[in-house]
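I opened my notebook to look up a few places in a structure. Each entry below is short.

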Amino acid sequence: MGEVFASAPFIVGKSEPSPIEATIPAEEALCPVISHEWVNDEYKHLVVAASPKALAVKPGQFFNLLCPSPDAGELWLRRPQSVYRIDGTCGRIEFLYKSVGRGTKGLATLKKGDMLNIVGPLGIGFHLDPSWRHIVVLGRGVGLATLAPISQLAAGYGVGVTAILSARSRDLVMADDLFAKVGTVVPVLDVDRSSDVENVERILEELIAADCADAFFTCGSNRLMQLMKRLARQHGIPGQVAMEQVMACGLGPCYVCVRTFEVNGRKELRRVCIEGPVFDLQEAVGW
Amino acid sequence: MVDMTVRIGNVTLKNPIMPASGAFSTDLAQVMDVNRLGALVAKTVSREFRIGNPPPRVAELECGMINSIGLPTKGIEYFLSHQVPDYKRFTPPLVGSISAQTADDFEAMTRDVDVPDVDVIEVNISCPTRNPGGGNFAMHEDHTST
């Protein structure tokens, strides 16, 4: 057989991995939908069968999803989605997302048995240092989904995890059952004002004083990111933030998905898709 | 296999697939074998660092998408010290792409980019497209005639 030049998506369950492309870390793949359920009025949980390359996804990395259109118009751009759970045993990856725009509303129409076209895994994920004994993750809303895999990974290495989960109300606290399996969960809510920066700061200061904060991880809230950044700087704690941005190609060349960072006093724009989505907390300016 | 080689000047491409500047950067190596391409055309560089446009840089519309990036570049020194070595990890010939504000600087930059690892130089006279001085070189016949 001659050299294969045409590109075609990997079809999970049908295609054989190509030895020619074994060293290429990401791919386009068609993934059968295993289940797709509403978690509450806003969030949906999507489980798909994944290819071997997709299952190699690291916590914090993402896939660029080709979402069906929710209406008569075209949907031109893929939608980036960080992975929520990696189940290597069953060969599945999971996404937890908020149905909010045309892309995610289209994604929400997928039914069990449909095929989801994904490209990935993409981007730079979280780093877990072997010397850390206890980490703190602080997320809000759907940002909690991004923090779930690093929490699971840390727990797997025997690292303690405290997860501060911020949401408008108790029913919108995402993935608290998953976090409860890997560490201590501290929900903070808007309805009782426990999510106020002052209260979250008090919780973080207590964790620092108890020597339970070797590293910070955050996603989903600029307000909470700024708080964590300030405390991390004051106490010399390493930190990482997973950023979001509207993307086009998701691979780097289009330079669409930039955010502002500051390094040695100089502002620069970095691409979230390939220079992130996980960045050093102290270099992130916010949004 | 069909011979698809193409000669441009003294450079031979194994096929005529030469994507536009920056469109198939080394970033694409994460999803494809870029060695299949006939040539690699680097994203345009200017002499100095250009931050590009602030976000948002893209808007999705019913009829397609609009983007305005603003030609971000880390400048010619970074291109030569970092990006050229990055491209030379791959086998296709490398086309460097340069942008300048004056004809004199185009000439000077051409000399600066004329290094052994850059096989061809593309002169980008149509970008950036938003020039407060009234357009760019490509819009003036007297600027582009030889």
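These are my notes on a pocket, some backbone oddities, one serine and the nonpolar cores.

**Entry 1: the model**

I noted that this is a predicted model.

**Entry 2: the second largest pocket**

I started with empty space. Rolling a probe the size of a water molecule over the atoms shows where such space is left. How much space lies in the second largest pocket? I read about 830 Å³. I then looked up the lining, which has 37 residues. The closest to the centre of this pocket are Pro80(A), Gln81(A), Val100(A), Val142(A) and Glu244(A).

Which elements supply at least two residues each to the lining? From chain A, I listed strand S5 (79-82), strand S7 (92-98), helix H2 (102-107) and helix H3 (143-156). Chain B adds strand S4 (58-61). S5(A) gives the most, with 4 residues. I also sorted the lining by class: 20 residues are nonpolar, 8 are polar and 9 are charged.

**Entry 3: cis peptide bonds**

Most peptide bonds are trans. I looked up two that are cis. One joins Gly120(A) and Pro121(A), with omega about 0 degrees. Pro121(A) sits in strand S8 (residues 115-122) of chain A. The other runs from Gly276(A) to Pro277(A), and its omega is near 10 degrees. Pro277(A) is in a loop of chain A, between helix H7 (272-275) and strand S16 (278-280).

**Entry 4: positive phi**

Most residues other than glycine have a negative phi. I wrote down two residues with a positive one. Tyr255(A) is not a glycine, yet its phi is about 60 degrees. I found Tyr255(A) in the loop between strand S13 (239-242) and strand S14 (258-263) of chain A. Is Tyr255(A) buried or exposed? It counts as buried because its relative accessibility is 18%, and the cut-off for buried is under 20%.

Leu71(B) is not a glycine either, and its phi is about 50 degrees. Its place is the loop between strand S5 (64-67) and helix H1 (76-87) of chain B. Leu71(B) is buried, at a relative accessible area of 8%.

**Entry 5: Ser46(B)**

Next I picked a serine. Ser46(B) lies in a loop of chain B, between strand S3 (40-41) and S4. With 10% relative accessibility, Ser46(B) counts as buried. What does Ser46(B) touch, not counting residues up to four places away in sequence? I listed Thr73(B), Gly75(B), Ile76(B), Ser99(B) and Met109(B). A polar atom of the Ser46(B) side chain lies 2.8 Å from the backbone oxygen of Glu48(B). I also checked Pro85(B), which is 39 residues from Ser46(B) along the chain. Their C-alpha atoms are separated by 18 Å.

**Entry 6: the nonpolar cores**

In soluble globular proteins, nonpolar side chains tend to be buried together. I looked up the largest nonpolar core here and found 55 residues. Val136(A), Ile164(A), Leu204(A) and Phe216(A) touch the most other members. Both chains supply elements with at least two residues each, including strand S9 (134-140) of chain A and helix H2 (103-113) of chain B. H6(A) gives the most to this core, with 6 residues.

I followed Val136(A) further. Leaving out residues up to four places away in sequence, its contacts include Thr162(A), Leu207(A), Cys212(A) and Met228(A). Apart from the largest core lies another, of 31 residues. Leu128(A), Val161(A), Leu165(A) and Ala215(A) are among them.

How values were computed. Residues are numbered from 1 along each chain as its sequence is written. Chains are lettered from A and ligands numbered from 1 in the order in which they are written. This is a predicted model: local features need pLDDT of at least 70, side-chain atom pairs count only at pLDDT 80 or more; totals for chains, interfaces and linings use all residues. Side-chain values use heavy atoms; hydrogens and water are left out. On a 1 Å grid over the protein atoms alone, a cavity is a set of points where a 1.4 Å probe fits but cannot get out, and a pocket is an open set with protein on both sides within 12 Å along at least five of seven lines; lining residues have an atom within 4 Å of a point. Grid points are joined across faces, edges and corners, and a volume is the space filled by probe spheres set on the points. Ala, Val, Leu, Ile, Met, Phe, Trp, Tyr, Cys and Pro count as nonpolar, Asp, Glu, Lys and Arg as charged, and the others, Gly among them, as polar. Buried means under 20% relative accessible area, exposed over 50%, partly exposed in between (1.4 Å probe, protein chains only). Contact means heavy atoms within 4.5 Å. A polar contact is a pair of N or O atoms within 3.5 Å; within protein, one must be able to donate a hydrogen and the other to accept it, and residues adjacent in sequence count only if both atoms are side-chain atoms. A nonpolar core is a set of buried Ala, Val, Leu, Ile, Met, Phe, Trp, Tyr and Cys residues joined through side-chain atoms within 4.5 Å.
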